[in-house]
Each structure stands twice: as C-alpha cells, then as structure tokens.
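This report describes one protein structure for a reader who has not met it before. Please look at the sequence and the model first.

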Amino acid sequence: MKKSQVKVAIIDNSIDPTIYTPVLHWTSYIDKEWHNFRAKDGVFPDLDQGYSHIIITGSEASIVERDDWVYEEISLVKD
C-alpha cells in the first residue's frame with residue numbers, strides 16, 4: 001500500500017472527552033488523512049469510503065453495561 005493511499009478512521013469510544021482524549025493521542029502519530037467518529041453519539045465510518053486503517057480506541061464505558069452504540073460498533077467490526 002502506498003503511503004498516499006492511507007486513510008484512517010478513528011472510532012473514539014471515550015465517554016467524557018475532558019477525562020480521556022484518545023484522538024489527541026492517535027493523531028499525533030498520523031501524518032495522513034484521518035477522520036474522527038464519536039461512537040457514543042452513534043457516529044461511525046462508512047466502510048465504503050475507502051478507509052485503509054481503523055483505530056478503535058479504549059473507553060471508560062463498562063463492557064458489562066452496554067449502551068446501544070456498543071452493539072452498533074460490534075456490527076461494524078464484524079463487517
């Protein structure tokens with residue numbers, strides 16, 4: 001894959017961005033096109049948009065008490 005073809009989708013799973021800011025961390029390592037998607041808000045990348053990489057961040061959310069956005073993200077990962 002050529003470096004110019006890199007297009008990154010960052011799925012931000014943080015609940016409170018004043019506490020946890022994973023996008024700031026990851027974008028400091030990315031020197032190509034990137035897009036941020038807030039999972040908590042139900043916003044996810046369209047896989048038909050040519051993303052070469054997807055970063056799924058950690059979260060303060062509980063894996064035991066799943067919100068609806070978690071199921072949507074699980075479906076996206078399966079796709």
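The text below goes from the whole chain to single residues.

**The chain as a whole**

The model is a predicted one. The protein chain contains two helices and three strands. In sequence order these elements follow the pattern β-α-β-β-α. The C-alpha trace spans about 40 × 30 × 15 Å along its principal axes. For 79 residues, a compact globule would have a radius of gyration near 12 Å, and the 13 Å of the protein chain agrees with this.

Of the 79 residues, 32% count as buried. The chain exposes about 5400 Å², and carbon and sulfur atoms supply 51% of that area. Taking contacts between residues at least 6 apart in sequence, 78% join residues at least 24 apart. The protein chain has 8 positive and 14 negative charges, and the mean positions of the two groups are 9 Å apart.

**An aromatic pair**

Two aromatic pairs are found in a search of the whole structure. In the pair formed by Phe37 and Tyr51, the ring centres are 6.0 Å apart and the planes stand at 90°, so the pair is edge-to-face. This pair links distant parts of the chain: Phe37 belongs to strand β2 (residues 33-38), while Tyr51 is in the loop between β2 and β3 (53-56), 14 residues apart. Phe37 is buried, with a relative accessible area of 11%. Tyr51 is also buried, at 18%.

**Residues in the loop between β3 and α2**

Thr57 is in the loop between β3 and α2 (68-78). Is Thr57 buried or exposed? Thr57 is buried, because its relative accessible area is 7% and the cut-off for buried is under 20%. Leaving aside residues up to four places away in sequence, Thr57 touches Ile10, Ile11, Asp12, Asn13, Ser14, Tyr20, Pro22 and Trp26.

Ala61 is found in the loop between β3 and α2, and so is Ser62. Ala61 counts as partly exposed, with a relative accessibility of 31%. With residues up to four places away in sequence not counted, Ala61 touches Ile15 and Trp69. Ser62 counts as partly exposed too, at 34% relative accessibility.

**A residue in helix α1**

Val23 lies in helix α1, which covers residues 22-27. Val23 is buried, with a relative accessible area of 12%. Which residues does Val23 touch, not counting residues up to four places away in sequence? They are Ile10, Asp12, Trp34 and Asn36. Ile10 and Asp12 are also among the residues that Thr57 touches.

**Separation in sequence and in space**

The table sets the separation along the sequence beside the C-alpha to C-alpha distance for three pairs of residues.

| Pair | Apart in sequence | C-alpha to C-alpha |
|---|---|---|
| Val23 and Asn13 | ten residues | 9.6 Å |
| Ala61 and Lys40 | 21 residues | 9.5 Å |
| Ser62 and Asp31 | 31 residues | 32 Å |

How far apart in space are Ala61 and Lys40, C-alpha to C-alpha? The distance is 9.5 Å, with their positions 21 residues apart in sequence. For Ser62 and Asp31, which are 31 residues apart in sequence, the C-alpha distance is 32 Å.

How values were computed
Residues are numbered from 1 along each chain as its sequence is written. This is a predicted model: local features need pLDDT of at least 70, side-chain atom pairs count only at pLDDT 80 or more; totals for chains, interfaces and linings use all residues. Side-chain values use heavy atoms; hydrogens and water are left out. Helices (H or I, at least four residues) and strands (E, at least two) are DSSP runs, numbered from the N terminus. The radius of gyration is taken over C-alpha atoms; the globule rule is 2.2 Å times the number of residues to the power 0.38. Buried means under 20% relative accessible area, exposed over 50%, partly exposed in between (1.4 Å probe, protein chains only). Contact means heavy atoms within 4.5 Å. Accessible areas come from the Shrake-Rupley method with a 1.4 Å probe; for residues, only the protein chains shown count as cover. Lys and Arg count as positive and Asp and Glu as negative; His and the chain ends are not counted. The place of a charge is taken as NZ of Lys, CZ of Arg, CG of Asp or CD of Glu. Rings of Phe, Tyr and Trp (its six-membered ring) pair if their centres lie within 6.5 Å; planes under 30 degrees apart count as stacked, over 60 as edge-to-face and the rest as tilted.
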